Amino acid sequence: LALVAGRANLAQTVTLAFAVAASTFCPLLVLGIWWPRLTSRGALAALWVGGGTALFAVVLVLAAGPFTGIVGALLGQPAAWTVPLAFAAGIIVSLRTTDRGRRTADSAMTRLHAPEELDTRR
C-alpha cells in the first residue's frame with residue numbers, strides 16, 4: 001500500500017489515513033463513553049465496518065484513482081460516509097445482541113472510578 005501511495009500527494013495520503021483512523025476509532029470512543037447499551041459485538045461490528053469500508057475506499061483511490069464526480073467526492077473523503085456507517089453498525093448489532101460480560105464490565109468500571117477508600121471487592 002505504501003508503494004502505491006508514493007505516487008499520491010502527501011496531503012491526500014494524510015487525509016485518507018486520518019479517514020481510516022476516524023472511521024475505526026470515533027464510533028468506538030463515542031458509543032463506548034456515552035451509550036451504555038454498546039455490547040462487545042456491537043463494538044467489533046463498528047470497528048470492522050468503519051475500518052473496513054474506509055480502508056477499501058483508500059485502497060481503491062490509491063490503486064485506481066483519482067476519481068471524478070460524486071464517486072470522486074465520496075472516495076476522496078471516505079470518513080463522511082464510513083463514520084456514520086460504523087455508528088449504525090455498532091448500534092444495530094448492539095440492539096440485536098446481548099452481552100454476557102456486561103455485569104463484569106460494570107463492576108470493573110465501578111472499581112476503576114470509585115474512590116480508593118470504598119471497598120468494592122464484594
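**Entry 1: getting my bearings**

A helix here is a DSSP run of H or I at least four residues long, and a strand is a run of E at least two long. With that settled, I note that this is a predicted model. I looked at the stretch 16-35: the chain there is 95% helix and 0% strand, and the C-alpha atoms at its ends are 28 Å apart. I picked that stretch because the UniProt annotation "transmembrane region", from an unreviewed entry, covers residues 16-35, 42-64 and 70-93. I checked residues 42-64 too, and found 100% helix and 0% strand, with 32 Å between the end C-alpha atoms.

Next came the overall layout. I count 6 helices and 0 strands in the protein, and from the N terminus on the order reads α-α-α-α-α-α. Of the 122 residues, 25% are buried. I also looked at sequence separation: among contacts between residues at least 6 apart in sequence, 79% join residues at least 24 apart.

**Entry 2: H2 against H3**

How do H2 and H3 pack, and at what angle? I find about 170° between helix H2 (residues 10-34) and helix H3 (residues 40-64), with their axes 7 Å apart. Angles over 145 degrees count as roughly antiparallel, and H2 and H3 are therefore roughly antiparallel to each other. H2 passes H3 in a right-handed crossing. From H2 the contact uses Gln 12, Leu 16, Ala 19, Val 20, Ser 23, Thr 24, Pro 27 and Leu 28. From H3 I list Ala 43, Ala 46, Leu 47, Gly 50, Gly 51, Ala 54, Leu 55, Val 58, Val 61 and Leu 62. Sorted by class, the residues of this contact are 13 nonpolar and 5 polar, with no charged ones.

**Entry 3: H2 against H5**

I then turned to helix H5 (residues 79-96), whose axis comes within 9 Å of that of H2, the two crossing at roughly 35°. The crossing of H2 and H5 is right-handed. On the H2 side I noted Ala 19, Ala 22, Ser 23, Cys 26, Pro 27, Val 30 and Leu 31; on the H5 side, Ala 79, Thr 82, Val 83, Ala 86, Phe 87, Gly 90 and Ile 91. The contact of H2 with H5 has 11 nonpolar and 3 polar residues, and no charged ones.

**Entry 4: H3 against H5**

H3 and H5 pack at an angle of about 155°, and their axes are 7 Å apart. That makes H3 roughly antiparallel to H5. The crossing of H3 past H5 is right-handed. H3 brings Arg 41, Gly 42, Ala 45, Ala 46, Val 49, Gly 50, Thr 53, Ala 54 and Ala 57 to the contact. H5 brings Trp 81, Thr 82, Leu 85, Ala 86, Ala 89, Gly 90, Val 93 and Ser 94. My tally for the contact of H3 with H5 is 10 nonpolar, 6 polar and 1 charged.

**Entry 5: Pro 27**

Is Pro 27 buried or exposed? Pro 27 lies in helix H2, and at 0% relative accessibility it counts as buried. Leaving out residues up to four places away in sequence, I find Pro 27 touching Ala 22, Gly 32, Ala 46, Val 83, Ala 86 and Phe 87. The C-alpha atom of Pro 27 is separated by 9.6 Å from that of Ala 89, 62 residues away along the chain.

**Entry 6: Trp 48**

I wondered about Trp 48, which has its place in helix H3. Its relative accessible area is 63%, so Trp 48 is exposed. From Trp 48 to Gly 90 I get 9.6 Å, C-alpha to C-alpha, with their positions 42 residues apart in sequence.

**Entry 7: Thr 39 and Asp 99**

Two loop residues to finish. Thr 39 lies in the loop between H2 and H3, and with a relative accessible area of 7% it is buried. What does Thr 39 touch, not counting residues up to four places away in sequence? I find Val 93, Ser 94, Thr 97, Thr 98 and Asp 99.

That led me to Asp 99, found in the loop between H5 and helix H6 (102-113). Asp 99 is partly exposed, with a relative accessible area of 26%. With the same exclusion of residues up to four places away, Asp 99 touches Thr 39 and Ser 40. Asp 99 and Leu 38 are 8.6 Å apart in space, C-alpha to C-alpha, although 61 residues apart in sequence.

Technical notes:
Residues are numbered from 1 along each chain as its sequence is written. This is a predicted model: local features need pLDDT of at least 70, side-chain atom pairs count only at pLDDT 80 or more; totals for chains, interfaces and linings use all residues. Side-chain values use heavy atoms; hydrogens and water are left out. Axes are lines fitted to C-alpha atoms, for helices over the stretch in contact, and angles run from 0 to 180 degrees between N-to-C directions. Angles under 35 degrees count as roughly parallel, over 145 as roughly antiparallel, 65 to 115 as roughly perpendicular and the rest as oblique. A crossing is left-handed if the near helix is turned anticlockwise from the far one by less than a right angle, and right-handed if clockwise. Contact means heavy atoms within 4.5 Å. Ala, Val, Leu, Ile, Met, Phe, Trp, Tyr, Cys and Pro count as nonpolar, Asp, Glu, Lys and Arg as charged, and the others, Gly among them, as polar. UniProt positions are given in the numbering used here, feature names are shortened, and annotations may be inferred rather than shown by experiment. Buried means under 20% relative accessible area, exposed over 50%, partly exposed in between (1.4 Å probe, protein chains only).
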